[in-house]
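Here is a small set of exercises to work through with the model open beside you. Try each task before reading its solution.

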Amino acid sequence: MSGAGKPLEGIRVLTLEQFGAGPYGTMFLAELGAEVIKIESPQGGDPSRQVGPYKLGENDSEYFQAWNLGKKSVTLDMKSAEGRRQFEALVKGADCVVNNMRGTQPAKLGIDYASLKHLKPAIVCLHISAYGRDNERRDWPGYDFLMQAEAGLMELTGEPDGPPTRVGVSMIDSMSGLTGIVGLLSCLLRARTTGQGCDVDTCLYDVAMHQLTYPGLWYLNEGDVSPRVPRSAHLSLAPVQTFPTKDGWIFIMCMTQKFWLNLCEVTGRGDLVTDPRFPDPNTRAKNRAAMSDELDATFRTRTTAEWLASMNGLLPAAPVHRLDQALDSSFARETGMVTAVSHPVKGDLRILANPLRIDGERLAQSACSPLGADNEALLGKSS
């Protein structure tokens with residue numbers, strides 16, 4: 001990118017991580033210019049390197065690359081004397097150490113602030129665990145989908161007459177990674193000023209609970225247990241939901257009265273403006289079934305593309321895409337959200353672009369190094 005370069009250039013991050021939450025967060029650091037050194041076991045490295053079905057040669061996969069773009073890889077045995085020596089040498093030149101291990105493991109492995117501050121007082125240590133490091137579950141294994149279940153998110157998702165449903169991808173992992181990185185960068189700024197580092201903690205459970213947002217507050221303050229709502233609808237505003245079209249589905253979001261009036265105009269349903277059942281968003285929500293019946297028949301007369309063309313930005317609306325439709329859409333091409341990086345086995349590996357732009361430009365990206373490919377450069381020839 002042009003100008004002053006990537007904003008985190010000159011920052012060195014050591015990370016002991018696997019699967020989703022830690023890798024997703026540190027991938028952002030790498031793509032923002034930090035040197036992210038992924039410390040892996042010599043026996044196969046991060047287990048996500050082995051996750052199929054689409055492998056990229058030995059010890060690599062498309063699943064792994066989705067979480068680890070831009071990183072370097074070194075292999076060392078953290079429990080051996082030589083491995084510890086190599087790790088401590090890296091710490092002296094690093095700014096941050098990240099892990100996503102179970103609660104008591106960072107202290108046992110000597111990668112928390114108390115264990116490393118003698119090497120570098122300004123080191124910042126980020127711990128992304130399943131349940132935290134200071135409670136009875138600190139050594140429990142835990143993953144994204146479990147958090148969606150326990151935090152009540154699955155019970156809020158899906159049709160009312162269907163089973164509890166998780167989000168289709170690992171959103172709690174992603175949110176936990178980004179939450180941790182916000183804390184890490186904040187404390188890194190402080191350490192640059194004070195010379196004093198620290199531990200930073202977040203966990204999947206806490207992040208999942210935090211995602212309850214306004215339904216959480218409604219229960220805590222009013223005793224209101226929000227139900228699942230048909231058509232993926234908003235709990236209190238309408239119409240904010242899916243509607244069937246001639247060839248699929250469309251999502252309409254009339255979050256304000258202005259957009260409701262625009263919807264009635266675009267669909268030719270001016271009669272609904274004066275209908276006593278639908279005067280405002282909250283009343284429409286109470287009469288959602290009747291409102292849906294009125295609009296369903298109208299939306300079924302045209303295709304999704306035809307409706308979107310007629311709306312032309314007059315109100316918030318989107319097609320309900322399959323995965324292939326989303327990635328192959330003309331708008332995805334226009335925005336540049338699909339790009340490619342060079343890979344030693346795949347050649348051009350198509351990836352999702354980083355969602356950040358700086359000075360109007362998307363961040364340059366690269367594949368993660370093969371397992372242990374950076375040993376000689378970072379650890380010396382003897383490694």
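**Exercise 1. A helix with two sides**

What covers the buried residues of α13? Before solving this, two notes on the model. It is predicted, so local features need pLDDT of at least 70 and side-chain atom pairs count only at pLDDT 80 or more, while totals for chains, interfaces and linings use all residues. Residues are numbered from 1 along each chain as its sequence is written, and side-chain values use heavy atoms, with hydrogens and water left out.

*Solution.*
- Step 1: Find the helix. α13 covers residues 304–311; helices here are DSSP runs of H or I with at least four residues, strands are E runs of at least two, and both are numbered from the N terminus.
- Step 2: Pick out its buried residues. Thr304, Trp307 and Met311 are buried, where buried means under 20% relative accessible area, exposed means over 50%, and partly exposed lies in between (1.4 Å probe, protein chains only).
- Step 3: Check how these residues are arranged. Thr304, Trp307 and Met311 cover an arc of only 65° around the axis, so they sit on the same side of α13. The arc is taken from the directions that run from the helix axis to the C-beta atoms.
- Step 4: Turn to the other side of α13, where Ala305 and Ala309 are exposed.
- Step 5: Name the cover. It includes β8 (249–253), α10 (257–266), α12 (288–299) and β9 (317–319).

**Exercise 2. One of the covering helices**

Which residues of α10 are buried, and what covers them?

*Solution.*
- Step 1: List the buried residues of α10: Phe259, Trp260, Asn262, Leu263, Cys264 and Val266.
- Step 2: Look at what lies over them. The cover includes β8, α11 (281–286), α12 and α13.
- Step 3: Go just past the end of α10, where Gly268 takes a positive phi of about 70°.

**Exercise 3. Backbone surprises**

Find residues other than glycine with a positive phi, then find cis peptide bonds. As background, most residues other than glycine have a negative phi, and most peptide bonds are trans.

*Solution.*
- Step 1: Begin after α13. Asn312 has a positive phi of about 45° although it is not a glycine, and it lies in the loop between α13 and β9. At 65% relative accessibility, Asn312 is exposed.
- Step 2: Move on to Asp359, whose phi is near 55°. Asp359 sits in the loop between β12 (357–358) and β13, and its relative accessibility of 65% makes it exposed.
- Step 3: Now the peptide bonds. The one from Gly52 to Pro53 is cis, with omega near 10°; Pro53 is in the loop between β2 (35–40) and α2 (62–68).
- Step 4: Ala238 and Pro239 are also joined by a cis peptide bond, with omega about 0°. Pro239 belongs to the loop between α9 (213–222) and β7 (240–244).

**Exercise 4. A buried aspartate**

Is Asp374 buried or exposed, and what does its side chain reach?

*Solution.*
- Step 1: Place Asp374 in the loop between β13 (361–362) and α16 (375–379).
- Step 2: Read its accessibility. Asp374 has a relative accessible area of 14%, so it counts as buried.
- Step 3: List its contacts (heavy atoms within 4.5 Å). Leaving aside neighbours within four places in sequence, Asp374 touches Lys72, Ser73, Val74, Ser369 and Leu379.
- Step 4: Find the polar partner. The side chain of Asp374 reaches the backbone nitrogen of Ser73 at 2.8 Å.

**Exercise 5. The nonpolar cores**

How many residues has the largest nonpolar core, and which element gives the largest share?

*Solution.*
- Step 1: Fix the term. A nonpolar core is a set of buried Ala, Val, Leu, Ile, Met, Phe, Trp, Tyr and Cys residues joined through side-chain atoms within 4.5 Å.
- Step 2: The largest one has 31 residues, and those with the most contacts inside it are Val13, Leu29, Ala34, Leu126, Met147 and Leu184.
- Step 3: Elements giving two or more residues to this core include α1 (21–31), β5 (124–129) and α7 (171–194). The largest share, six residues, comes from α7.
- Step 4: Note a second, separate core of 21 residues, which includes Val97, Leu109, Ile111 and Leu379.

Conventions. Polar contact = N/O pair within 3.5 Å; in protein donor to acceptor, adjacent residues only side chain to side chain.
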